[in-house]
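Dear colleague,

I am passing on the structure that we spoke about, and below it you will find my notes on the charged side chains. Please read them with the sequence and the model open beside you.

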Amino acid sequence: MADKTVFIVSEDPAIRDLLSELVVAAGLRAEALPSMEMWFETTAPELPDCLVLDASVGDLVEPERLAEFAWTCARIPVVVLVNRGAVRTAVQALKHGAMDVLQKPLRVEILLERIKQAVAGEGYEGATR
């Protein structure tokens, strides 16, 4: 699995660092960026095997962000992280194609299981690459 890349997008540097360490410890490559906009500007053409998007900071429900998000979800598996009780954001993410939505505080073993499923192509019905 060392040839699989997981992108982590979070405005929170502590979350980026924690998730990057978790992904690398699982034998995957990790790339972390502070915003979805930066991800689209720098890496979207080179689609990763999985995207972990921290939607607990920022606003995923803006129409233009949802359009970008739906574009991403159609091409790669996306796991979205939300704060506990962020039902609207979770529903919007799932409606627009997220593979899964996990609430914070995270149980890292569950997140890692979802990431491994994503890079293995399990449970993801999006477009094939």
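E113 forms a salt bridge with R114, and the closest N and O atoms of this pair lie 3.4 Å apart. The model is a predicted one, so please take this distance, like the others in this message, as a computed value. The pair does not stand alone, since D100, E113 and R114 are linked in a network of salt bridges. As for its surroundings, E113 counts as partly exposed, because its relative accessibility is 41%, and the partly exposed class runs between 20% and 50%.

In total, the structure holds 4 salt bridges. One of them joins K104 to D54, with 3.0 Å between the closest N and O atoms. This pair links distant parts of the chain, with K104 in strand β5 (residues 100-104) and D54 in strand β3 (residues 50-54), the two residues being 50 residues apart. Are K104 and D54 buried or exposed? Both of these residues are buried, which means that each has a relative accessible area under 20%.

Another salt bridge is formed by R107 and E109, where the closest N and O atoms are again 3.0 Å apart. Here R107 is exposed, because its relative accessible area is 52% and the exposed class begins over 50%, whereas E109, with a relative accessible area of 45%, is partly exposed. As general background to these pairs, side chains of opposite charge can pair when their charged atoms come close.

With best wishes

Terms used. Residues numbered from 1 in each chain as written. Predicted model: local features only at pLDDT ≥ 70, side-chain atom pairs only at ≥ 80, totals over all residues. Heavy atoms only, no water. Salt bridge = Lys/Arg side-chain N within 4 Å of Asp/Glu carboxyl O. Helix = DSSP H or I, 4+ residues; strand = E, 2+ residues; numbered from the N terminus. Buried < 20%, exposed > 50% of the residue type's maximum accessible area, 1.4 Å probe, protein only.
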